[in-house]
Amino acid sequence: GRRQTIAMNNSYSWQRLANLVRSISRPEYFFRPQQYPIRSRQRGHAPGQALVSLPWGLQLSLCPREFMHSQIWLHGVYDLRVTETLWRLLDTDELAVDVGANIGYMTSLMAVRAGPTGHVIGCEPLPQNWAQLNQNVLRWQRENGLTNVVIHELALAERNGCARFKAPLHPGNLGLGSLADCPDQVGFVAPGQAPNEIEVRVGRLDDLIVGKSTVGLLKIDVEGQELRVLRGAETLLGEGRIRDIVFEEHRPYPTPVTEFLESFGYRIYSLVRHFRGLALCDAGTPRSVEALDEPSFLATRDPARAEARFRKVGWRALNNRQ
């Protein structure tokens, strides 16, 4: 009995050590070692509100008890695949659009990469997220002189007007909301039957981009409603005025979203994460998805440019490097 107890304790200790090594050897820490003491100090401590300094020099106001916010609180970044992709693809002077901006994490990266002569448009329909997004944008204007971000309390879809928005039932993950008034949606619920539904404004991306402006980078994270966003951008897509699109997709390739984009001449890549950096892979190649990485794809009208941007090893966004 005593030997068995000792063996079990040793096994438990080794398992804990293995978990610790696996945790702290993440690229988020290894390539940004100053995050180690921050993680140690903040682990297990989650205040109601906090300010986090992001690798590209801006501060983000967040609530560490909320899931997505907690990842930024501990790791200093969120969804490293998409973070690195936006960093590598967006150039100074370009226009970027963040659809499903949440509290502005990706918006902040776009603002820095586009620079003072570029422009960023952020869209977020959930009032709680919008309030924090607005607070963050005002802080960047006040403290960093960033005036290149315009935000809209708006959900993007294939039409203009109002729609029902399925707000998250759990306050600990406010990134799970999505439009609910879609006729072909599984589990469609009639108005008034779902207590977590609110009314939000909806608009088309075609109407948001004025004149003949071109979009260098479009990021879409709208919890399964990506196709509705793209259907509201058919003019932009048809005229070739959106170069790169980064979007979340939980279904295996090909999907209605990837087929829709391919019909406009886009090439689709999956984003493959390795310890030493990020690589582009043909979308049809099977991929493994890490626990904290949502499956995301890149659609581009300029495959040669995208492939060239991903030849460099390392995590450029973590070190604020070109």
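The following exchange concerns a predicted model and its helix H7 and one of its sheets.

Colleague: How many helices and strands are there in the protein?
Modeller: In this predicted model, local features need pLDDT of at least 70, side-chain atom pairs count only at pLDDT 80 or more, and totals for chains, interfaces and linings use all residues. Residues are numbered from 1 along each chain as its sequence is written, and side-chain values use heavy atoms, with hydrogens and water left out. Helices (H or I, at least four residues) and strands (E, at least two) are DSSP runs numbered from the N terminus. The protein has 12 helices and 14 strands.

Colleague: How far apart are the end C-alpha atoms of helix H7?
Modeller: The expected span of a helix is 1.5 Å times one less than its number of residues. For the 18 residues of H7 (residues 127–144) that gives 26 Å, and the model agrees, because the end C-alpha atoms are 25 Å apart.

Colleague: Which strands cover the buried residues of H7?
Modeller: Buried means under 20% relative accessible area (1.4 Å probe, protein chains only), and the buried residues of H7 include Trp130, Leu133 and Trp140. Their cover includes helix H4 (67–75) and helix H6 (105–114), and also strands S1 (50–53), S2 (59–62) and S5 (149–152).

Colleague: Which strands are the edge strands of the open sheet S6-S9-S7-S8?
Modeller: The pairing in this sheet of 4 strands is mixed; two strands pair if DSSP finds at least two bridges between them. S6 runs parallel to strand S9 (residues 197–203), joined by 2 bridges. Each edge strand pairs on one side only, and the two are S6 (155–156) and S8 (178–179).

Methods:
Buried < 20%, exposed > 50% of the residue type's maximum accessible area, 1.4 Å probe, protein only. Contact = heavy atoms within 4.5 Å.
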